[in-house]
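Dear colleague,

I am passing this structure on to you, and below it you will find my notes on what turned up. Please read them with the structure open beside you.

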Amino acid sequence: MKALLLAAGRGERFYPFDTYRAKPMFPVANRPLLARLVDRVAEAGITDIGIVVGWQAGSVRSYFSDGSRFGCEITYVDQPNPTGTADAVVCATEFIGDDDVLVVLGDLLLRPGTLAKTMEAHSSADHGVAAVTEVGNISERIRASIEADGVLSDYVWKPRGSRGSAIVGVYALPASALKDLRNVGDQVQSQFGIAPNVGREIEDVIPIVHREGRPLKAVHVDGPILDMDYPWQPDTFGDAIAAQDGDALKDSIIDPSATVDPGAHIEGPVVVGTNSVIGRDAYIQGPVWIGAHTRVTEGSHIGRHTMIGNHCHIGPYAKVNGFVGDDCRVTYLGEFSGTMLAGGRVTHQIQLSGIFGLGAEIGAGTQCGTLRFDDEPIEVEVKGQRRKAHGFSGVLFGDYARTGVGALIMPGRIVGPCSMVGAGVVLMKNLPPHKALILKQETDLIDWSPEIYNR
């Protein structure tokens, strides 16, 4: 069996992080989500992997190369005009050949064993299988119609309701399914009164093959299966990964070349990489992962389930909770929580919360709002619609954006890539890409002679 990972779409709901990478390449817990999927496929015993690429294909190709670093062989399939997941599989016809194929959407975070269970079910199915799982938010997913014998007969895209069986986005199909995928419709099936999503999607093959007497079988897999659609979700995904990895980390692993000051306070297991330094009075609450050539200096506080990359500098007296990529700086009295990608620069006396893209540069004294005055969940504008970002705190700061001294960004606001929030600005609305918002002020020049003080 071969595996096919679908990573061609731009993911416009993922703005402001959709400009410089394919969405599945966004680092989650300091590692691209797609790399975690490749690991899952290799763990399931498949080493012949195809990746369908389109938008920002170079971000995928340059990271994985030929796949040898991951113990597999990777073939790239171009989808020059992404019109849906079914079309993506059809584009891979030459790669699939006469083999059965495991198809996985590229923006999923899967639990261990999900792929192996799907493949095992496929081995006893006549016409292929689709993974399903029980969810409490079926209005955000695709509901599967499952008959008593486990056959999939139909589906509905994002129906009204709460609980239900949702299609995961993992399929095991025979090569003969390609002819059916060529015949799917141009939009998905939706419930009455709900406008359908446009696209030639894999799930639309379910009613076709059922009518033709070649139905797919449902295979129930354990949840939660996380689907990264929105720009605040990397924090949710990262928390799940850190919790899972933290449960597995029973003892500290400190490289012999690392230096830990006797005055440092460490509670719980930590991983410390090559030539890293933990300074005096640093407080680390494990489980925590610290990369190579990283310095955590005097008086800094590293919170539980934090991951810090290579060549970083934290402190002095900084506080970090979350995920910090390679070559980042959080310096004197800087306070950060959330996700920061590589190359971030956070200078002194700053309080930041949220997700910050590549090369973010934050001016001294910048503050990010974390709560609404009405204590309701933070809302984020996604393609013109305001959506509640449950569990998220802070702002969404695009790649290569920056702030001036003393900027204040309200919670849930988006700073577009390559934009600047000027000194002293209170950002109340989203800032578009490639724009600078500058504060203007009126001043008066008046006389101020010594006689003023001669009373």
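Before the notes begin, one term has to be fixed: a residue is called buried when its relative accessible area is under 20%, exposed when that area is over 50%, and partly exposed in between. Please also keep in mind that this is a predicted model.

I start with the aromatic rings, where that term is needed at once. The count of aromatic pairs comes to 12. In one of them, tyrosine 63 and phenylalanine 70 are tilted with respect to each other, with 6.0 Å from centre to centre and 40° between the planes. Phenylalanine 70 has a relative accessibility of 11% and therefore counts as buried, whereas tyrosine 63, at 25%, is partly exposed. Tyrosine 63 has a further neighbour, since arginine 69 lies over the face of tyrosine 63 at 5.1 Å from the ring centre. Tryptophan 448 and tyrosine 453 make an edge-to-face pair, because their planes stand at 80° and their ring centres are 6.3 Å apart; both tryptophan 448 and tyrosine 453 are exposed. Phe14, Phe17 and Phe26 come together in one aromatic cluster, and elsewhere in the model the charged end of arginine 160 sits over the ring of phenylalanine 192, at 4.8 Å from its centre.

The pockets come next. The largest pocket has a volume of about 1500 Å³, and among the 45 residues that line it, Arg13, Lys23, Asn197, Glu201 and Asp229 are the closest to its centre. The elements that give two or more residues to this lining are β1 (2-7), α3 (85-91), β11 (164-173) and β33 (385-388), and of these β11 gives the most, with four residues. Sorted by class, the lining of the largest pocket holds 19 nonpolar, 12 polar and 14 charged residues.

The second largest pocket has a volume of about 510 Å³. It is lined by 22 residues, and those nearest its centre are Asn137, Glu140, Asp227, Tyr230 and Gln233. Here the elements that supply two or more lining residues are β8 (129-135), β13 (226-227), α8 (233-248) and β33, while the classes divide into seven nonpolar, seven polar and eight charged residues.

Apart from the pockets, a search of the whole structure finds one cavity of 30 Å³ or more, and the space inside the largest cavity is about 40 Å³. Leu173, Ala177, Leu181, Val205, Val209 and Leu216 line the largest cavity, so that its lining, by class, has six nonpolar residues, no polar ones and no charged ones. At least two residues of this lining come from each of α6 (177-181) and α7 (205-211).

Finally, a word on the cysteines. How many disulfides does the count give? The count comes to zero. For cysteine 368, the closest cysteine sulfur is that of cysteine 328, and at 15 Å it is too far away for a bond, given that a disulfide needs two sulfur atoms within 2.5 Å. Cysteine 418 is likewise in no disulfide, with the nearest cysteine sulfur, again that of cysteine 328, 17 Å away. Cysteine 368, at 10% relative accessibility, counts as buried, whereas cysteine 418, at 28%, counts as partly exposed.

With best wishes

How values were computed:
Residues numbered from 1 in each chain as written. Predicted model: local features only at pLDDT ≥ 70, side-chain atom pairs only at ≥ 80, totals over all residues. Heavy atoms only, no water. 1 Å grid on protein atoms, 1.4 Å probe; cavity = no way out; pocket = protein on both sides within 12 Å on 5 of 7 lines; lining within 4 Å. Points joined across faces, edges and corners; volume = space filled by probe spheres on them. Buried < 20%, exposed > 50% of the residue type's maximum accessible area, 1.4 Å probe, protein only. Phe/Tyr/Trp six-rings, centres within 6.5 Å; stacked < 30°, edge-to-face > 60°. Lys NZ or Arg CZ within 6 Å of the ring centre and 35° of its normal.
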